Amino acid sequence: MAKIRELCLFLLLAFSIARVSEARSEIGVYELKRGNFSVKLTNYGAIVVSVFLPDRNGKLDDVVLGFDSIEDYKNDTAYFGAIVGRVANRIKGARFILNGKKYKLVPNDGNNTLHGGPKGFSDVVWQVENYDTDTHITFTYNSTNGEEGFPGDLRVSVTYLLINTNKLSVIMKATPLSKATPVNLASHTYWNLAGHSSGDVFSHQVQLLADKITPVDKELIPTGDILSVKGTPYDFLHIHEIKSKFHELPNGYDINYVLKYERDGHFHKAAVVYESKSGRKMELWTNQPGLQFYTSNMLGPVKGKGGVTYNNYGAICLETQGFPDAVNHPHFPSQIVKPGESYEHVMVYRFTTE
């Protein structure tokens, strides 16, 4: 897996040279397909609309939650499948100080800013930069200075890339054009490996390669502490069912895990998810320091694809990321990117059956 990043970049360059289409900004739905593995996406919010995978018997199911229409995504408050930013997760008080200047953001979660503000990257139309149904699609977006209160113009891209017949890579990049700015992009896909319409995920088995968390206050803002998971219901170092310690938590899981990672940005395994009835297994690899594990505690009821009603705990989110509210905690890994520097966030999902 350590070579996947290099493979992704080589393939992306080759495909960009071989087939670069005229950028398109009208809203559409695009499919990537290899055999019976397919992914549908839209340039509204750079959203993952569906992921069809076979179970151990070859039966196909859509394993991500979402909607049937773009209009439903426009009214979505759950961030189904979206790329969120400019800064994912929460920023306390919707403000931060950078280079001696105070920046006031637009609050959309009480007094705090969540996932970039009321019109973050999940609620804009991205351009389709290039697309090949067999391999990849790249969406781009130009975020302007002052957008939702953030400083500087920012060029953003996300590429969804199929690798072989069972891997999906998500490559998020950003380049500041005028000012230093915080950047923390995340993919907010809701996964249910039994199928999007199959109900709760309590029987999903999860392993998280993280031995610490950043605990939060009642507003889900990090306190600044970094605590061990040992002896707590947050310990997923060894794979086990979500329900096994769920009763020890008042509202389910919604916490940032501190991944065991190499600080030079090399890939590391972040999570493993297994669903025993279907036999589907998902591994997640990344180059990021954190992972938000969310059990859809505030999801439902909401009517989703095919008229299915999604309820609380109907999916899990595994959002690799920088630490929440890092702009207000200097000892957290920095998310500040300066002009002349670049941000790159890579995820690779590997799907198998057992």
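Here are some exercises with worked solutions on a predicted model, to be read alongside the structure above.

## Exercise 1: An open sheet

**Task.** Work out in which order the four strands of the open sheet are arranged, and which strands stand at the edges.

**Solution.**
- Step 1. Start with the order: the four strands run E1-E2-E3-E4 in an open sheet, and the pairing is antiparallel.
- Step 2. Now look for the edges. Strand E1 (29-34) and strand E4 (60-62) each have a single partner strand, so one side of each is left without a neighbour in the sheet.
- Step 3. Check how the strands are turned: on average, neighbouring strands of this sheet make an angle of 15° with each other, direction ignored.
- Step 4. Zoom in on one pair. Strand E3 (residues 47-54) pairs with E4 in the antiparallel sense over three bridges. In one of them, Pro 54 has Leu 60 of E4 as its bridge partner.

A useful reminder: strands of a sheet pair through backbone hydrogen bonds, either parallel or antiparallel.

## Exercise 2: A hairpin

**Task.** Find how many residues lie between E10 and E11 in their hairpin.

**Solution.**
- Step 1. Locate the strands: E10 covers residues 127-132 and E11 covers residues 136-143.
- Step 2. Look at the pairing, which is antiparallel and runs over five bridges. Asn 130, for example, stands opposite Thr 138 in E11.
- Step 3. Follow the chain from one strand to the other: three residues lie between E10 and E11 in the hairpin.

## Exercise 3: Cavities and a pocket

**Task.** Which strand gives the most residues to the lining of the largest cavity?

**Solution.**
- Step 1. Begin with the whole structure: a search finds two cavities of 30 Å³ or more.
- Step 2. Take the largest cavity, which holds about 50 Å³ of space. Its lining includes Asn 89, Arg 90, Asp 254, Ile 255 and Asn 256.
- Step 3. Strand E21 (residues 254-259) gives the most to this lining, with three residues.
- Step 4. Sort the lining of the largest cavity by character: five residues are nonpolar, four polar and two charged.

**Task.** How do the lining residues of the second largest cavity divide into nonpolar, polar and charged?

**Solution.**
- Step 1. The second largest cavity has a volume of about 40 Å³.
- Step 2. Among the residues that line the second largest cavity are Gly 85, Arg 86, Lys 119, Glu 147 and Glu 148.
- Step 3. The division is two nonpolar, four polar and four charged.

**Task.** Which residues are closest to the centre of the second largest pocket?

**Solution.**
- Step 1. The second largest pocket has a volume of about 350 Å³.
- Step 2. Of its 21 lining residues, Thr 77, Ala 78, Tyr 79, Tyr 190 and Tyr 294 are the closest to the centre.
- Step 3. The lining of this pocket has ten nonpolar, six polar and five charged residues.

## Exercise 4: Salt bridges

**Task.** Which parts of the chain does the salt bridge between Arg 350 and Glu 283 tie together, and is each of the two residues buried or partly exposed?

**Solution.**
- Step 1. The structure holds ten salt bridges. In this one, the closest N and O atoms of Arg 350 and Glu 283 are 3.4 Å apart.
- Step 2. Place the partners: Arg 350 lies in strand E29 and Glu 283 in strand E23, so the pair ties together parts that are 67 residues apart in sequence.
- Step 3. Compare the relative accessibility with the cut-off for buried, which is under 20%. Glu 283, at 9%, counts as buried, whereas Arg 350, at 27%, counts as partly exposed.

## Exercise 5: Unusual backbone spots

**Task.** Two residues have a positive phi although they are not glycines: Ala 46 and Asn 99. Decide whether each is buried or exposed.

**Solution.**
- Step 1. Ala 46, with a phi of about 50°, sits in the loop between strand E2 (37-42) and E3.
- Step 2. Asn 99, with a phi of about 55°, sits in the loop between strand E7 (95-98) and strand E8 (101-104).
- Step 3. Ala 46 has a relative accessible area of 0% and is buried. Asn 99 has a relative accessible area of 71% and is exposed.

Key. Residues numbered from 1 in each chain as written. Predicted model: local features only at pLDDT ≥ 70, side-chain atom pairs only at ≥ 80, totals over all residues. Heavy atoms only, no water. 1 Å grid on protein atoms, 1.4 Å probe; cavity = no way out; pocket = protein on both sides within 12 Å on 5 of 7 lines; lining within 4 Å. Points joined across faces, edges and corners; volume = space filled by probe spheres on them. Nonpolar A, V, L, I, M, F, W, Y, C, P; charged D, E, K, R; others polar. Pairing = 2+ DSSP bridges. Axes fitted to C-alpha atoms, helices over the stretch in contact; angles between N-to-C directions. Salt bridge = Lys/Arg side-chain N within 4 Å of Asp/Glu carboxyl O. Buried < 20%, exposed > 50% of the residue type's maximum accessible area, 1.4 Å probe, protein only.
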